[in-house]
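Thanks for making the time this morning; I would like to walk you through one protein model, taking the fold as a whole before turning to its details. Please have the sequence and the structure open while I talk.

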Amino acid sequence: MGATIVQCKKCSKLYQSFGNAPYCPACMDELERNFELVKEYIYEHPQANAVEVSKETGVPEKDIFYFLREGRLSVNEGSGMLLCENCGRSITTGRYCEACKKSLERELSATLGNAADKRGQTTGLGKMHVDFKNR
Ligand SMILES: [Zn+2]
Ligand SMILES: [Zn+2]
């Protein structure tokens, strides 16, 4: 896979992308630090929602949603905070519900690298917790 020059969505700097990171290396470093803050806060306050977590940690809500979309954090079932980007059903982590994940898997592998930056609707009110199994 060849590297492409893309513009960082956070700081607008140009950088070489290998297709997996959405931001430049400096912003990804910052994101990692933010993840640690969020993780610690949720560990101590398991009932906190994204708005609260963002306020208390100073981490932007969109970073918190990035962790959710990445599957590194998850919300409680039925919270309505995170919705499937395909059918709009309430999900706990990631980008798609189980049914859509299955049907999209084949299409996704064909259109990878051409990922649309389509964000699902989020309310920021669901409760969240860290999935320590993935760490
Ligand atoms: Zn950046
Ligand atoms: Zn779905």
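Let me begin with the contact pattern, where, among the contacts in the protein with a separation of 6 or more, 44% are between residues 24 or more positions apart. Please keep in mind throughout that this is a predicted model, and that of the 135 residues of the protein, 17% count as buried.

As for confidence, the mean pLDDT of the protein is 82, with 79% of its residues at 70 or more. The highest value by element belongs to helix α1, residues 25-44, at a mean of 93, whereas strand β6, residues 128-130, has the lowest, at 64. I would also point you to residues 115-122, where the pLDDT is below 50, although this stretch still has ten contacts in the model beyond near neighbours in sequence.

Turning to the secondary structure, the protein has four helices and six strands, and, reading from the N terminus on, the order of the elements is β-β-α-α-α-β-β-β-α-β.

The opening pair of that order is a hairpin, in which strand β1, residues 4-7, and strand β2, residues 14-17, pair in the antiparallel sense over four bridges. In the register of this pairing, T4 stands opposite S17 in β2, while Q7 stands opposite L14 in β2. Six residues lie between the two strands of the hairpin, and S12 takes a positive phi there, near 65 degrees.

Now to the interior: which residues have the most contacts inside the largest nonpolar core? That core has 13 residues, and the ones with the most contacts inside it are V38, V53, I64, F67, L68 and L82. Two or more residues each come from α1, α2 (50-57), α3 (61-69) and β3 (73-75), and it is α3 that gives the most to this core, with three residues. As general background, nonpolar side chains in soluble globular proteins tend to be buried together.

To make the core a little more concrete, let me take L68 as an example, which, leaving aside its neighbours within four places in sequence, is in contact with L73, S74, V75, L82 and T93. Of these partners, L82 is itself listed among the residues with the most contacts inside the core.

That is what I wanted to show, and I am happy to take questions.

Conventions: Residues are numbered from 1 along each chain as its sequence is written. Chains are lettered from A and ligands numbered from 1 in the order in which they are written. This is a predicted model: local features need pLDDT of at least 70, side-chain atom pairs count only at pLDDT 80 or more; totals for chains, interfaces and linings use all residues. pLDDT is the predictor's confidence in each residue, from 0 to 100. Two residues are in contact if their C-beta atoms, placed from the backbone, lie within 7 Å. A nonpolar core is a set of buried Ala, Val, Leu, Ile, Met, Phe, Trp, Tyr and Cys residues joined through C-beta atoms within 7 Å. A residue is buried if 20 or more other C-beta atoms lie within 10 Å of its own, exposed if 12 or fewer, and partly exposed in between; C-beta atoms are placed from the backbone. Two strands pair if DSSP finds at least two bridges between them.
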